[in-house]
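Visitor: I would like to know how the terms used for a model like this one are justified. Please show it first.
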Amino acid sequence: MKKRIIPSILLRGGTNVSLSQQFTPWRTVGALAQQLRLHVRRNCDELLIINTDFAGSPQFCCPQRLLSLVRQEVDIPIAYAGGISSATDAATCINAGFDKVYLTSIFLDEVSAVSAIASLIGSQSTGVCLPYRRCRNDTVPYVWDYRAAAIRRDLPLFDALHTAAAGGAGEVLLYDVDRDGTLQGLDIDLLPELEGCRIAIPVLMAGGAGTASDVSAVLRSTIVQGVVAGSIFALTQETPATIRRHCENAGIEMRRP
Amino acid sequence: MIRVVNFPFCNFYSLERYLRIRSHDFQVCSPSDQLTSNDTILLPGVGTFSQGMDYLSATGLSKMILAHVSAGGRVVGICLGMQMLLEASSESPGVNGLGLIPGACERIPASASFSVPHIGWNALVLPAVLHNSVQQLGPSSGVSNCDFYFVHSFVARPVSSDAITAAFQHPSGLLAAAVAKENVIGFQFHPEKSGSAGYTLLDHVLS
C-alpha cells in the first residue's frame, strides 16, 4: 500500500481554519475555501476536516456552507469529524460528499454505535479517532477524553485500538495530544508496541509532525498507513509533495499524483 | 445523457462534481425514465451489498438497469456500484446482485502486509493482453502512470478473468480493480476521487 499524507483542517467558528496546540485551538490561519484549494492544488492524498464547533455536541450539524465548499473544491478523498453520534449523522456526511467519518465521543460513550454506523456506511468509511496521553512517570498511553479534559485511566490506548477494530471501525487515527501543534516530531515510542499488536485495519498517526523526517520515521512502520498533520503545512515550508519526495527517497512507497 | 442512480447513501456529490466540471449532460435516474441505448447509467454506492441491492429492488431500478443493458445501453458502476454488477457477495449471503457479470464478491484476503479495508492510493496493473473493446483501459485512458483511490473491504471475483480490465497488487496475487463485459463497466476504485487522473479516466470511459 502507498502511504498517505493527510492535512487536517480544524474548523472553529464556522469556516475559519485554526491550528491547535494540545487539542486547543490557538491561532486562525485562514478560511476553509482557501485551505481546501491550497491542499488540493498541492496534491495531498486525503483531507480531514475536524469541526470543533460540534465536537462532543449532542446535536449534530454539518453546515451548508461547509458542504457547498467541499462539493465545489474537492476532487480527492475527504473525511469529516465532529459530533457524529448516530448512523443517520454518518449517512448525512457520506451523502453530502465525504468519503469517511471519524468518531471519538460516541466511541467513548457507546461502542455499539460504531457498529451501527459501520453497518450502514461500511467499515471502510468508518474511522475512530483516539486522542491519547501518557501520565507522568507512566509509559502507558491512555485515551484522553477531550470533553472532560481528562485521561481515561480505564482505557489504555491499545485496548481502545482493539475495541475500535472489533467494533467495526475500518481505520483508526492515533492522535498524540501532548505533541499536537508542537512540531517536535511524531510519537515514535508508540511504534514498537504498535508493530506487535497484530491490528489488521489501517492505522494513522497524528500529533507533532514538524519535518519530513518526522513523517518518514513513522511511515517506515508496516502498520502506520498515513500521517495526519496540520501545523507543518501552515508554519513550515513543507508541502505534501516535499514530504512525499522525502519519503520516496527513504524507500517508502508513496502515491504517484 | 448520463443518468446517475442516487442511493440514499452514496458518493453522489463527488460524481456530480465531476459531471458538472466536465459539462456532461446528466440527471438523477428514476425508474420511470425512458432510456435509449445512447444513455449511460452511472451506479455509485457506499455501504453494504444488501443495502444497495435492497434499494435497487425496492425502487424498481434493478429491472430498469437490466432492461437497459439488454437493449444495448451502457452501465458504469463505481465501488459498491461495481460490486452489485456481479451475481452475489459474501458480505450479504443470500442477496442476489444484478448478475450482469458472472462471478461474486469476496472479502479481501487477510495479510500481515496488507491492511483491510484497503484504503488509500494504489497503482493499477493492466492485463498483458488488452481486448479490443471500448471499455478496455488502454494507454489512452491515462491509468498507467498514476495511482487511484481505493476504499473497500470486498473485491470482485469474476468467473472469467477476461472480465478483469485492471487489477491491483495484493500479497496473494492480483485482485480485480476494474471489470467489464460488453457494455457493462465497473471500477472498484473511485475515479471521481482520484484527482485529475481519475477525471481523465472518466472522460475516457464516458466519451
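Guide: The turns below set some computed values against the definitions behind them, for a predicted model.

Visitor: What makes H8(A) oblique to H10(A)?
Guide: The axes of helix H8 (residues 212-219) and helix H10 (residues 240-249) of chain A cross at roughly 50 degrees and come within 9 Å. Angles under 35 degrees count as roughly parallel and 65 to 115 as roughly perpendicular. The crossing falls in neither range, and therefore H8(A) is oblique to H10(A). The crossing is right-handed.

Visitor: Which residues of H8(A) and H10(A) meet?
Guide: From H8(A) come Ala212(A), Val215(A), Ser216(A) and Leu219(A). Their counterparts in H10(A) are Thr242(A), Ile243(A), His246(A) and Cys247(A). Sorted by class, this contact has 5 nonpolar, 3 polar and no charged residues.

Visitor: How do you know that E5(B) pairs with E6(B)?
Guide: Pairing needs at least two bridges, and 2 bridges join E5(B) to strand E6 (residues 103-107) of chain B, running parallel. In one of the pairs, Ala88(B) has Ala104(B) in E6(B) as its bridge partner.

Visitor: Why do E5(B) and E9(B) stand at the edges?
Guide: The open sheet of 3 strands in chain B has the order E5-E6-E9, with mixed pairing. Strand E5 (88-89) and strand E9 (154-158) each have a single partner strand, so one side of each lacks a neighbour in the sheet.

Visitor: Which helix gives the most to the side of chain A that touches chain B?
Guide: H3(A) does, with 4 residues. Across this interface, 30 residues of chain A are in contact with 28 residues of chain B.

Notes
Residues are numbered from 1 along each chain as its sequence is written. Chains are lettered from A and ligands numbered from 1 in the order in which they are written. This is a predicted model: local features need pLDDT of at least 70, side-chain atom pairs count only at pLDDT 80 or more; totals for chains, interfaces and linings use all residues. Two residues are in contact if their C-beta atoms, placed from the backbone, lie within 7 Å. Axes are lines fitted to C-alpha atoms, for helices over the stretch in contact, and angles run from 0 to 180 degrees between N-to-C directions. Angles under 35 degrees count as roughly parallel, over 145 as roughly antiparallel, 65 to 115 as roughly perpendicular and the rest as oblique. A crossing is left-handed if the near helix is turned anticlockwise from the far one by less than a right angle, and right-handed if clockwise. Ala, Val, Leu, Ile, Met, Phe, Trp, Tyr, Cys and Pro count as nonpolar, Asp, Glu, Lys and Arg as charged, and the others, Gly among them, as polar.
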